[in-house]
Amino acid sequence: MSRPLYQAKAEFFKNLGHPARIRVLELLSQREHAVSEMLPEVGIEPANLSQQLGVLRRAGLVVTRKEGSTVYYSLTSPEVAELLRVARRILTSVLSGQVELLDDLREPAGPAGSETGGRP
């Protein structure tokens with residue numbers, strides 16, 4: 001019996017749920033990278049980067065190509081880069097709403113300590 005689509009989606013997003021994996025995908029959204037190029041950009045130990053790349057590879061989000069002793073990684077699909085762009089737009093929208101709320105909280109209270117910030 002196959003698992004429900006929502007479980008597959010949850011597993012997919014779980015595979016994205018690590019800052020190093022997101023950073024790797026951002027880098028690969030620009031172009032193919034060798035592991036050695038990603039290390040200083042991701043800022044983690046080589047063994048940890050290898051582990052995170054393995055998660056992304058098993059999830060089908062990245063593929064490898066070997067040239068001599070150098071392993072290059074790239075995205076399996078341009079839709080992965082698009083997903084990151086959409087996530088950025090959503091996050092920007094959410095954070096903008098939070099900034100507006102924060103601005104509302106910083107406004108002095110209206111007459112008699114009203115919580116409306118002077119608005120009706």
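Visitor: Which residues line the largest pocket?

Guide: In this predicted model, the lining consists of Ile22, Glu26, Ser29, Leu84, Arg85, Ala87, Arg88 and Leu91. Each of them counts as lining because it has an atom within 4 Å of a pocket point. The space in this pocket is about 180 Å³.

Visitor: Which elements give two or more residues to the lining of the largest pocket?

Guide: They are helix 2 and helix 5. Helix 5 provides the largest share, five residues.

Visitor: What makes three residues of the lining charged?

Guide: Asp, Glu, Lys and Arg count as charged, and the lining includes Glu26, Arg85 and Arg88. The remainder divides into four nonpolar residues and one polar residue.

Visitor: Which residues touch the most other members of the largest nonpolar core?

Guide: Of its 18 residues, these are Val24, Leu25, Leu28, Met38, Val42, Val62 and Leu75. At least two residues of this core come from each of helix 2 (19-30), helix 3 (35-42), helix 4 (46-58), strand 3 (70-75) and helix 5 (78-106). Helix 2 supplies the largest share, five residues.

Visitor: Why is Val24 called buried?

Guide: Val24 belongs to the nonpolar core, and members of such a core are buried by definition, so its relative accessible area is under 20%. Beyond its neighbours within four places in sequence, Val24 is in contact with Met38, Val42, Leu49, Leu53 and Leu56.

Visitor: Where does UniProt place the feature "domain: HTH arsR-type"?

Guide: The unreviewed entry places it at residues 1-95. Over that range the chain is 65% helix and 15% strand, with the end C-alpha atoms 41 Å apart.

Technical notes
Residues numbered from 1 in each chain as written. Predicted model: local features only at pLDDT ≥ 70, side-chain atom pairs only at ≥ 80, totals over all residues. Heavy atoms only, no water. UniProt positions renumbered as here; feature names shortened; annotations may be inferred. Helix = DSSP H or I, 4+ residues; strand = E, 2+ residues; numbered from the N terminus. Core = buried A, V, L, I, M, F, W, Y, C linked by side-chain atoms within 4.5 Å. Buried < 20%, exposed > 50% of the residue type's maximum accessible area, 1.4 Å probe, protein only. Contact = heavy atoms within 4.5 Å. 1 Å grid on protein atoms, 1.4 Å probe; cavity = no way out; pocket = protein on both sides within 12 Å on 5 of 7 lines; lining within 4 Å. Points joined across faces, edges and corners; volume = space filled by probe spheres on them.
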